[in-house]
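This note goes through the structure shown below point by point. Please read it with the coordinates open.

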Amino acid sequence: MPICAKCQGEAADDELHEYSGQMLCDDCYMDALSPARTCDPWAVYTASRLTNQELNPAQESILALLHKKGQAEPKELGEACGLAPKELEREIAALRHMELIRGALTPAGRKVIKLFSDRA
Ligand SMILES: [Zn+2]
């Protein structure tokens, strides 16, 4: 079995990828690539999902809605995802903690939720 240059783990031939002259396993290869992709919101979203973050269905639908609409008011999110205000509050707090979403103010002063990577 070939050995990964980074984690020294054994990897099948088809799981090895060359990166700066080293042969890395799937996991280490993804790690090595991810810093270069931090400007791609979808990649960040996907990469952060791949770490240790298990999202529940409510959190999934909140993120899906924000990906589609760009931003939404908390009330709107609650209605679209079928969550009571208390539940919504909890899911939003969890997603903020994971740095997947953040709060923002529109020019009109309304509070909205955006994807964390959305700097606009
Ligand atoms: Zn490895």
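Which residue caps the N-terminal end of helix 3? The points below begin there, and concern a predicted model.

1. The cap of helix 3. Asn 56 takes this role at the N-terminal end of helix 3. One of its side-chain oxygens is placed 3.1 Å from the backbone nitrogen of Ala 58. At the other end, Gly 70 comes just after helix 3 and adopts a positive phi of about 90 degrees.

2. The length and faces of helix 3. Helix 3 covers residues 57–69, that is 13 residues, and its first and last C-alpha atoms are 18 Å apart, close to the 18 Å expected at 1.5 Å a residue. Its buried residues are Ala 58, Gln 59, Ile 62, Leu 63, Leu 65 and Leu 66. Viewed down the axis of helix 3, the buried residues stay within an arc of 160 degrees, and they therefore line one face of the helix. Pro 57 and Lys 68 are exposed on the face turned away from that buried side.

3. Gln 59. This polar-named position deserves a separate entry. Gln 59 belongs to helix 3. Its relative accessibility is 5%, so Gln 59 counts as buried. Setting aside residues up to four places away in sequence, Gln 59 touches Glu 54, Glu 91, Ala 94, Leu 95 and Met 98.

4. Helix 5. The 13 residues of helix 5 (residues 85–97) should span 18 Å at 1.5 Å a residue, and the end C-alpha atoms are indeed 18 Å apart. Leu 88, Glu 91, Ile 92 and Leu 95 are buried in helix 5. Because these buried residues fall within an arc of 100 degrees when seen down the axis of helix 5, they line one face of the helix. The face turned away from the buried side of helix 5 carries Lys 86, Glu 89, Arg 90 and His 97, which are exposed. The cover over the buried residues of helix 5 includes helix 3, helix 4 (74–81), strand 4 (101–105) and strand 5 (111–115). Glu 99 follows helix 5 and has a positive phi, near 60 degrees.

5. Helix 4. Here the buried residues are Leu 77, Gly 78 and Cys 81. They cover an arc of only 100 degrees around the axis, so they sit on the same side of helix 4. Lys 75 and Glu 79 are exposed on the other side of helix 4. The buried residues of helix 4 pack against helix 3, strand 3 (71–72), helix 5 and strand 5. Gly 82 follows helix 4 with a positive phi, near 65 degrees.

6. The zinc site. Which protein atoms serve as donors of the zinc ion? They are the SG atoms of Cys 4, Cys 7, Cys 25 and Cys 28, at 2.3 to 2.4 Å from the zinc ion. The four donor atoms subtend angles of 104 to 117 degrees around the zinc ion, and the arrangement is therefore tetrahedral. Along the chain, the donors have the spacing C-x2-C-x17-C-x2-C. Cys 4 lies in the segment before strand 1 (17–19), while Cys 25 lies in the loop between strand 2 (22–24) and helix 1 (26–33); the pair therefore ties together parts that are 21 residues apart in sequence.

7. Exposure of the zinc donors. Cys 4 is buried, its relative accessible area being 0%. Cys 25 likewise counts as buried, at 11% relative accessibility. Cys 7, by contrast, is partly exposed, with a relative accessible area of 44%.

8. The surroundings of Cys 7. Cys 7 lies in the segment before strand 1. Apart from neighbours within four places in sequence, Cys 7 is in contact with Cys 25 and Cys 28. The C-alpha atoms of Cys 7 and Asp 27 are separated by 9.2 Å, and these two residues are 20 residues apart along the chain.

9. The chain as a whole. The protein chain has five helices and five strands, and its pattern along the sequence is β-β-α-α-α-β-α-α-β-β. Of its 120 residues, 31% count as buried. Among contacts between residues at least 6 apart in sequence, 33% join residues at least 24 apart.

Technical notes. Residues numbered from 1 in each chain as written. Predicted model: local features only at pLDDT ≥ 70, side-chain atom pairs only at ≥ 80, totals over all residues. Heavy atoms only, no water. Helix = DSSP H or I, 4+ residues; strand = E, 2+ residues; numbered from the N terminus. Expected span 1.5 Å × (residues − 1). Buried < 20%, exposed > 50% of the residue type's maximum accessible area, 1.4 Å probe, protein only. Arc of directions from axis to C-beta. Polar contact = N/O pair within 3.5 Å; in protein donor to acceptor, adjacent residues only side chain to side chain. Contact = heavy atoms within 4.5 Å. Donors = N, O, S within 2.8 Å, 3.2 Å for Na, K, Ca; no water. Tetrahedral: all angles 85-135°; square planar, octahedral: opposite > 155°, others 65-115°.
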